[in-house]
Amino acid sequence: MDMYMKCGAPHKATVVFNQISTKSTACWNVLIDGHLKSCQPFEALNLFSLMAQDDHEFDLITLANGVRSCANLGLLRVGKSIHGYMFRTGVVVRCGGGGGAVVVVAVVVVVAVVVVVMVVVAVLWRWRWWRWWRWWWWWRWRCCGY
């Protein structure tokens, strides 16, 4: 599956994945990460939710991939719920090894995406307000003479 994903054939990797009778966490991780690297975050998040529905155990790599797919899609609430799941289940994030740094970076990316979206909305709203205000003053000066 990893070979198909690295060669840019996620459909063939999915066919191989569906033929596996007992799917391990590593198989799920390869497929989810491959979809993320193929710029298909919706498919990755869909696989993450299917993994949750099948009652598979999450590891740090799985959680990081779930948060990364939320960051790519801009889904703050889903990313926060994955982060909350980490705290509820007592997942320990160490920045040394085992994917802990990936989870930390993924959470930081989600927060950064949300901050950028909030700044863009604020700037556009102020620009629109300023534009309306300028037009109103121009109309008042032009039509009313003051």
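The paragraphs below move from the overall fold to two helix pairs and then to a few individual residues.

The structure is a predicted model, and its secondary structure consists of seven helices and zero strands, so that the order of elements from the N terminus reads α-α-α-α-α-α-α. The protein has 146 residues, of which 29% count as buried. Its exposed surface comes to about 10,000 Å², and carbon and sulfur atoms supply 64% of that area. When contacts with a separation of 6 or more are considered, 52% of them join residues that lie 24 or more positions apart.

Two packed helices are described by the angle between their axes and the distance between the axes. The pair formed by H5, which spans residues 60-73, and H6, which spans residues 76-89, packs at an angle of about 160 degrees with the axes 8 Å apart. Angles over 145 degrees count as roughly antiparallel, and H5 and H6 are therefore roughly antiparallel to each other. Their crossing is left-handed. On the H5 side the contact is made by Leu63, Gly66, Val67 and Cys70, while H6 contributes Val78, Gly79, Ile82, Tyr85 and Met86. Sorted by class, the residues of this contact of H5 with H6 comprise seven nonpolar, two polar and no charged.

Helix H5 also packs on another side-chain set, that of H3. The axes of H3, residues 25-37, and of H5 come within 10 Å and cross at roughly 25 degrees. Because angles under 35 degrees count as roughly parallel, this crossing makes H3 roughly parallel to H5. The crossing of H3 and H5 is left-handed. Here Thr25, Asn29, Ile32, Asp33 and Leu36 of H3 meet Ile61, Thr62, Asn65, Arg68, Ser69 and Asn72 of H5. The class composition of the contact of H3 with H5 is three nonpolar, six polar and two charged residues.

Within this second contact, Asn65 can be followed individually. Asn65 lies in helix H5, and since residues under 20% relative accessible area are taken as buried, its relative accessibility of 3% places Asn65 among the buried residues. Once neighbours within four places in sequence are left aside, Asn65 is in contact with Asn29, Ile32, Asp33 and Leu36, and these four residues are listed among those that H3 brings to its contact with H5.

Beyond the end of H3, the chain passes through a loop to helix H4, residues 41-53, and Ser38 lies in that loop. Ser38 is partly exposed, with a relative accessible area of 26%. The C-alpha atom of Ser38 is separated by 9.9 Å from that of Cys7, although the two residues are 31 residues apart along the chain.

Cys39 is found in the loop between H3 and H4 as well, and at 69% relative accessibility Cys39 counts as exposed. Most residues other than glycine have a negative phi. Cys39 departs from that pattern, since its phi is positive, about 60 degrees, although the residue is not a glycine. Asp55, found in the loop between H4 and H5, likewise has a positive phi of about 60 degrees without being a glycine. Asp55 is exposed, with a relative accessible area of 67%.

Conventions: Residues numbered from 1 in each chain as written. Predicted model: local features only at pLDDT ≥ 70, side-chain atom pairs only at ≥ 80, totals over all residues. Heavy atoms only, no water. Axes fitted to C-alpha atoms, helices over the stretch in contact; angles between N-to-C directions. Helix = DSSP H or I, 4+ residues; strand = E, 2+ residues; numbered from the N terminus. Parallel < 35°, antiparallel > 145°, perpendicular 65-115°, else oblique. Left-handed = near helix turned anticlockwise from the far one by under 90°. Contact = heavy atoms within 4.5 Å. Nonpolar A, V, L, I, M, F, W, Y, C, P; charged D, E, K, R; others polar. Buried < 20%, exposed > 50% of the residue type's maximum accessible area, 1.4 Å probe, protein only. Areas by Shrake-Rupley, 256 points an atom, 1.4 Å probe, with all protein chains shown as cover.
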